[in-house]
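User: I'd like to get better at reading features off a fold. Could you walk me through a few?

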Amino acid sequence: MTTPAHAATEEPTLALALALDRRTEERLLPEIESAGLDVVARVHSAAELVAECSRRRPDVVLVSAARRTLTAQLISRCDASAIRVVAVTASDLERRHAASLGLYEVVEAQAPWAEIRALLVAGVVIPQRLGGPIDRAAGRGTVIAVWGPQGAPGRTTLAVNIAAEIAALGHTVTLADIDTYGGAVAPCLGMLDEAPGFAAACRLAGNDTLTLAELERVAQRYSSPRGSFWVLTGIGAPSRWPELSGDRVAKTLDACRHWAEYVVLDTGFSLEHDEEISSDLFAPRRNAATLAALRAADRIIAVGSADPVGVARFLRSHADLLQTAADASVSVVMNRVRSSAVGVNPFGQISSTLARFGGIDAPVLVPDDQQGLDAAVLTGQTLRDTAPKSAARSAILRLVESTLVPSPTAARSGARRAPVLRSRRRAVQASG
């Protein structure tokens with residue numbers, strides 16, 4: 001007896017549960033039925049979908065990425081029952097919402113049925129063991145390290161708001177606090193820092209047990225309607241710095257590259273190589289975390305304070321930074337530019353000083369906005385959420401859009417305007 005030719009290529013029958021908006025459901029339902037897929041439930045809210053999943057156990061849930069239908073409870077319930085969740089997105093807001101919940105299988109609402117069917121049948125393979133045998137050529141995120149010399153030039157403020165602006169553009173972002181002299185990201189965002197997330201990730205990486213699930217477990221989530229992102233909080237007690245060894249930090253950052261599209265690091269200030277002043281060559285190094293982060297970074301944001309003391313400190317240290325991270329692209333940001341500390345035409349004076357003594361062209365100058373920054377700290381939020389019209393926030397947004405996450409058009413037309421450090425590596429003689 002001869003087997004029909006089409007039998008060998010027949011697709012497996014899938015049981016679907018639908019929670020779509022009316023227009024998308026009316027467009028897809030005839031094609032779903034003609035493809036022979038079994039629709040076991042059609043609902044319009046997350047609560048109804050959770051109940052149907054408990055009763056009928058579909059293979060796949062095809063759900064609109066609107067907040068009323070796609071919830072953390074739904075994803076958790078489906079994960080517990082081994083039910084795949086595929087989100088259908090109709091806007092940038094819905095795409096960001098799906099990303100904030102850690103949902104990887106996403107399809108556009110206007111996508112042709114052939115594309116949606118291919119996703120339903122074939123699926124997307126997500127590596128569960130980070131740091132294990134996965135394809136290192138694919139899915140590597142960009143690491144952005146925010147560094148500045150001693151004296152609180154605004155490293156944490158800049159790192160937090162860079163992460164917020166990148167997330168608001170629709171990208172998945174992880175903000176990690178790796179300052180071994182005392183993390184400040186958690187209090188800046190109103191988060192608990194009793195269990196430092198980055199230190200926990202480093203311990204897991206040191207034991208080769210750092211997985212995607214573990215990263216999400218030890219991280220906290222900064223939630224915002226304008227762009228959410230993951231946060232790996234830093235050590236609250238400076239005495240815990242030995243937990244952030246160089247090799248652990250390097251492994252953790254490599255794992256984070258496969259977790260998020262962009263990894264923003266709030267680093268420490270010191271670039272000293274501790275082994276040069278220690279008699280024990282095998283002792284842990286307090287600055288190893290910062291040095292490892294700078295060497296692993298694809299781009300470094302070097303931030304200084306725009307006042308006479310801050311500029312002098314920055315110029316002394318920036319040559320050492322270039323030697324430490326010779327392969328990274330460095331952008332210079334001068335923070336809190338104000339005439340009360342510099343004099344008339346503060347933007348011009350800061351730019352000319354950096355060009356004359358540091359060979360630094362086209363720095364990003366962030367104006368002083370104490371009122372906006374105070375409001376952000378008071379509420380534990382980002383400038384984008386508390387003071388969207390802040391002059392400081394506007395400067396940070398320009399940095400992100402022109403240099404860190406440029407659009408294809410901006411990358412072609414605005415390359416000459418990109419505020420990337422071009423250093424002539426001249427010797428800097430700056431007095432305090």
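Analyst: Let's go through a helix, a helix pair, the cysteines and one serine; keep in mind that this is a predicted model.

User: Let's begin with α2. Which of its residues are buried?

Analyst: The idea is to sort a helix's residues by relative accessible area, with buried meaning under 20%. For α2, which spans residues 46–56, the buried ones are Ala-46, Leu-49, Val-50, Glu-52 and Cys-53. These residues sit on the same side of α2 because the arc they cover around the axis is only 165°. Flip to the other side of α2 and you find Ala-47 and Arg-55, both exposed.

User: What do the buried residues of α2 pack against?

Analyst: For packing, look for heavy atoms within 4.5 Å. The partners here are three strands, β1 (15–19), β2 (38–42) and β3 (60–64), plus helix α3 (72–80). Also have a look just past the end of α2: Arg-57 has a positive phi there, about 50°.

User: Now the helix pair. At what angle do the axes of α6 and α17 cross?

Analyst: Get the axes, check how close they come, then put the angle in a class. Helix α6 (residues 155–168) and helix α17 (residues 391–404) have axes that come within 10 Å, and the crossing is at roughly 60°. An angle like that makes α6 oblique to α17. As for handedness, the α6 and α17 crossing is right-handed.

User: Which residues make that contact between α6 and α17?

Analyst: On the α6 side, Leu-158, Asn-161, Ile-162, Glu-165 and Ile-166 take part. From α17 come Arg-393, Ile-396, Leu-397, Leu-399, Val-400 and Leu-404.

User: On to the cysteines. How many disulfides does the structure hold?

Analyst: The test is a pair of cysteine sulfur atoms within 2.5 Å. The count comes out at zero. Take Cys-202: its nearest cysteine sulfur belongs to Cys-256 and lies 8.7 Å away, and Cys-202 is in no disulfide.

User: Is Cys-202 buried or exposed?

Analyst: Cys-202 is buried, since its relative accessible area is 0%. Cys-188 has 15% relative accessibility, so it counts as buried too.

User: Last one: where is Ser-339 placed?

Analyst: Start with the element, then check accessibility and spacing. Ser-339 belongs to helix α13, residues 339–342. Its relative accessibility is 46%, so Ser-339 counts as partly exposed. For the spacing, compare chain separation with distance in space: Ser-339 and Asp-307 are 32 residues apart along the chain, and their C-alpha atoms are 9.3 Å apart.

Technical notes. Residues are numbered from 1 along each chain as its sequence is written. This is a predicted model: local features need pLDDT of at least 70, side-chain atom pairs count only at pLDDT 80 or more; totals for chains, interfaces and linings use all residues. Side-chain values use heavy atoms; hydrogens and water are left out. Helices (H or I, at least four residues) and strands (E, at least two) are DSSP runs, numbered from the N terminus. Buried means under 20% relative accessible area, exposed over 50%, partly exposed in between (1.4 Å probe, protein chains only). The arc is that of the directions from the helix axis to the C-beta atoms. Axes are lines fitted to C-alpha atoms, for helices over the stretch in contact, and angles run from 0 to 180 degrees between N-to-C directions. Angles under 35 degrees count as roughly parallel, over 145 as roughly antiparallel, 65 to 115 as roughly perpendicular and the rest as oblique. A crossing is left-handed if the near helix is turned anticlockwise from the far one by less than a right angle, and right-handed if clockwise.
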